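Welcome! Let us walk through this structure together, one step at a time.

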Amino acid sequence: MSQKAKKVVVLPCSGIGKVYGALARETAYELMDRVRPGVVVTTCLPLLVIEDSEAKQLVTANPVITIDGCPKSCAQKSVEAQGVTPAQSFQAINFYKAHKDLKPDGIAELDENGRRLAAIAADELARVVDDLAAGGVR
Ligand code: SF4
């Protein structure tokens, strides 16, 4: 496997109307904008569903981390439907279970607890991103 640093795709579910969907999205934004800019990239989940060629190429050519807002696991399943196994798949509720002092609230926009939890989750996922970017096990 190549040792060259690569992009890591972080794909949150759409999560409309669900606080943990919002948490999944915010965690992905934190990773992309603050924690590992230039390494973490993402795309719109529906693009995969409609088999957009660029979105498909992105998840085929790079390691993928999915973050889902509920057990329906739409992000994970959408990647798998392209014949790709995500390198790591997370349920956003587990970020809360690991930090029970930060119960998130909000749907369109997370509250202060939710934003802090997303930042902490992104910091914790940095290790996984670094490993994958360095060509770690997919
Ligand atoms: S995994 Fe759950 S919260 Fe996320 S898009 Fe699917 S149904 Fe909605």
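## A walk through the sheet

In E2, valine 41 is the bridge partner of valine 9. What we are looking at is a predicted model, in which local features need pLDDT of at least 70 and side-chain atom pairs count only at pLDDT 80 or more, while totals for chains, interfaces and linings use all residues. Residues are numbered from 1 along each chain as its sequence is written.

That pair belongs to a parallel pairing: two bridges join strand E1 to strand E2 (residues 40-41). Two strands are said to pair if DSSP finds at least two bridges between them. Helices (H or I, at least four residues) and strands (E, at least two) are DSSP runs, numbered from the N terminus. In general, strands of a sheet pair through backbone hydrogen bonds, either parallel or antiparallel.

E1 also pairs with strand E3 (residues 64-68), in the parallel sense and over four bridges. Here leucine 11 has threonine 66 of E3 as its bridge partner. Put together, the strands form an open sheet of four with the order E2-E1-E3-E4 and parallel pairing. E2 and strand E4 (88-91) each have a single partner strand and stand at the edges, so one side of each is left without a neighbour in the sheet.

Now let us look at E1 itself. Strand E1 (residues 8-12) is mostly covered, with five of its five residues buried; buried means that 20 or more other C-beta atoms, placed from the backbone, lie within 10 Å of a residue's own. Val8, Val10 and Pro12 point one way, Val9 and Leu11 the other way, and all are buried. Across the chain, buried residues make up 39% of the 138 residues.

How does the chain as a whole run, and what is its pattern along the sequence? It follows β-α-β-α-α-β-α-β-α-α, with six helices and four strands. The radius of gyration, taken over C-alpha atoms, is 14 Å, close to the 14 Å that the globule rule (2.2 Å times the number of residues to the power 0.38) gives for 138 residues, so the chain is as compact as a globular protein of that length.

Finally, there is a ligand. Among the residues that surround the ligand are Cys13, Ser14, Gly15, Asp68 and Lys72, where near means a C-beta atom, placed from the backbone, within 6 Å. The shell divides into three nonpolar, five polar and three charged residues, with Ala, Val, Leu, Ile, Met, Phe, Trp, Tyr, Cys and Pro counted as nonpolar, Asp, Glu, Lys and Arg as charged, and the others, Gly among them, as polar.

Key:
A residue is buried if 20 or more other C-beta atoms lie within 10 Å of its own, exposed if 12 or fewer, and partly exposed in between; C-beta atoms are placed from the backbone.
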